[in-house]
Amino acid sequence: MTLILGIETSCDETAAAVVEDGRRIRSNVIATQIDLHRQYGGVFPEMASRQHILTITPVIEEALSKAGISYADLNAIAVTYGPGLAGSLLVGVNVAKAIAWGRDLPLIGINHLEGHIYANWLIPPNLPAGQEPPPAPTFPLLSLIVSGGHTELVLVNGHGRYRPLGRTIDDAAGEAFDKVARLLGLGYPGGPAIERAARNGNPQSFDMPRAWLTGSYDFSFSGLKTAVLRAVDTFQSGQDRAKRGGGLPRPSEVAARAAAADLPVADLAASFQAAVVEVLVAKTRQAAQQFGVKLVLLAGGVAANGVLRREMTEGLPVPVRFPPPALCTDNAAPIATAGYFRYLAGERSDLNLDVFASLKLPAE
Ligand code: KG4
Ligand code: ZN
């Protein structure tokens, strides 16, 4: 049996997990900072790293105790070293290095995006007793990573073997959800709030733009965000507009207006969500066909979105898999899983491991 401790502090979740043989979650502890950052409408980096310092040790100890093991039972420690907020990553990486040195354990640095993909290897924790776990994904496959910081379409030819096909040229999909939620007065984090609001809306009520960027697998979501802003603006009174001299309103103004309940929030949320999902599905379908893959894996926080999961499943000619929602958003179990496969391949990081805020997936 191989037991890996995963540590994840790249953004606003302080997380540690113990995973057995790459697939079975023995424990998965997350101290979320959402309440702390909500007042700022997004992650406040300096506060995030300070909060990680306060919670990382208790979170790791809880992960070990829930797994029923001690440091002596571990085979290795896997830690996210990028991409992410440098000050946040530093906390996880330094704690991981200290444990590795103090307990004489192998250390394995993990790319956060790789972690998101590997969430698909984990056995869902809510699997009914007696039910066979799903088989592990097989290569070659196509993965769509959609998170708060990234939107990447990548061919995966084997463990750690990536061929990036395209990425966002401006906002990430999750970032667009968060910004639009703010415009609609829906708060932070925006993704789940938009999904909830959209349930009561008509996705055809507003004609939102789709940036097809034909001929490439790149994405663009910033025009969509501006379209929502302009749609919101048309609901503002002529007097308000005159005061601003016709320019775009500040987000705080719009949020105040949205709160005044004269904005069709549900229709705007549904129309925005439909536009994002349509582009993600169409580009993923095209890549799946062009490269003849037999499996598509969704990954990252936006992969928790029910409409995206449904449309992707219905719209693609090959099986589509996605982790349970709680394993899509940031947590340490997938980091341990990615670490397990690198551990098996004999990979080790040394104690010079440093953080890398703009780390990319390694291309083959
Ligand atoms: O992967 P993640 O937890 O953190 C990053 O690595 O960025 O992704 C967070 C992003 C946020 O932008 C959040 O709004 C979005 O995922 N998200 C969702 C949903 N749940 C989280 N977006 C759409 N629908 C959801 N249900
Ligand atoms: Zn993430």
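User: At 43% relative accessibility, does Glu46 count as buried, partly exposed or exposed?

Analyst: A note before the answer: this is a predicted model. Relative accessibility is read against two limits, with buried under 20% and exposed over 50%. Because its value of 43% falls in between, Glu46 counts as partly exposed.

User: With which residue do the side-chain atoms of Glu46 meet in a salt bridge?

Analyst: The partner is Arg50, with an N to O distance of 3.1 Å. Arg50 counts as exposed, at 54% relative accessibility.

User: Why are Arg50 and Glu46 separated by about one helical turn?

Analyst: The general idea comes from helix geometry. An α-helix has 3.6 residues a turn, so residues three or four places apart point the same way. In this structure both residues belong to helix α2, which covers residues 45–67, and because they are 4 residues apart the separation is about one turn.

User: Which salt bridge links distant parts of the chain?

Analyst: One such pair is Arg161 and Glu364, whose side chains meet at 2.3 Å, N to O. Arg161 is in strand β8 (residues 161–167) and Glu364 is in the segment after α13, 203 residues apart. As for exposure, Arg161 is partly exposed at 39%, and Glu364 is exposed at 54%.

User: How many salt bridges does a search of the whole structure find?

Analyst: The search finds 14 salt bridges. Another of them joins Arg342 to Glu347, with the closest N and O atoms 2.7 Å apart. In that pair Arg342 is buried at 17% relative accessibility, while Glu347 is partly exposed at 35%. Salt bridges can also share partners, and in this way Asp171, Glu175, Lys179 and Lys225 are joined into one network.

User: On to the metal. Which residues are the protein donors of the zinc ion (ligand 2)?

Analyst: A metal site is read by listing the donor atoms, their distances and their spacing in sequence. For the zinc ion (ligand 2), the protein donors are NE2 of His112, NE2 of His116 and OD of Asp330, at 2.0 to 2.1 Å. Their sequence pattern is H-x3-H-x213-D. The pair His116 and Asp330 links distant parts of the chain, 214 residues apart: His116 is in helix α4 (residues 112–118), and Asp330 is in the loop between α12 (325–328) and α13 (333–344). Water is not among the atoms, so a site may look incomplete.

User: Are His116 and Asp330 buried or exposed?

Analyst: His116 is buried, at 4% relative accessibility. Asp330 also counts as buried, at 16%.

User: Which residues around ligand 1 are the closest?

Analyst: A ligand site can be read from its shell of residues, then from individual polar contacts. Here 19 residues surround ligand 1, and the closest are His116, Gly148, Asp178, Gly191 and Glu195. His116 is thus in this shell as well as among the zinc donors.

Three contacts give detail. An oxygen atom of ligand 1 lies 2.9 Å from a backbone N or O atom of Gly191. The side chain of Glu195 places an N or O atom 2.7 Å from a nitrogen atom of the ligand. At Gly301, a polar backbone atom is 3.0 Å from an oxygen atom of ligand 1. Taken alone, the ligand exposes 550 Å², of which the protein buries 88%.

User: Which elements give two or more residues to the shell around ligand 1?

Analyst: They are α4, α5 (173–183) and α6 (190–198). The largest share, 4 residues, comes from α6. In α5, the buried residues are Ala173, Gly174, Ala176, Phe177, Val180, Ala181 and Leu183. Just after α5, Gly185 has a positive phi of about 70°.

User: Last, the cysteines. How many disulfides does the count come to?

Analyst: A disulfide is a covalent bond between the sulfur atoms of two cysteines. The count here comes to 0.

User: Why is there no bond at Cys11?

Analyst: The closest cysteine sulfur to that of Cys11 is in Cys328, and there is no bond because 16 Å is too far. The two residues can also be read by exposure: Cys11 is partly exposed, with a relative accessible area of 24%, whereas Cys328 is buried at 1%.

Note on methods. Residues are numbered from 1 along each chain as its sequence is written. Chains are lettered from A and ligands numbered from 1 in the order in which they are written. This is a predicted model: local features need pLDDT of at least 70, side-chain atom pairs count only at pLDDT 80 or more; totals for chains, interfaces and linings use all residues. Side-chain values use heavy atoms; hydrogens and water are left out. Donors are N, O and S atoms within 2.8 Å of the metal (3.2 Å for Na, K and Ca); water is not among the atoms, so sites may look incomplete. Buried means under 20% relative accessible area, exposed over 50%, partly exposed in between (1.4 Å probe, protein chains only). A disulfide is a pair of cysteine sulfur atoms within 2.5 Å. A salt bridge is a side-chain nitrogen of Lys or Arg within 4 Å of a carboxyl oxygen of Asp or Glu. A residue is near a molecule or strand if one of its heavy atoms lies within 4 Å of it. A polar contact is a pair of N or O atoms within 3.5 Å; within protein, one must be able to donate a hydrogen and the other to accept it, and residues adjacent in sequence count only if both atoms are side-chain atoms. Accessible areas come from the Shrake-Rupley method with a 1.4 Å probe; for residues, only the protein chains shown count as cover.
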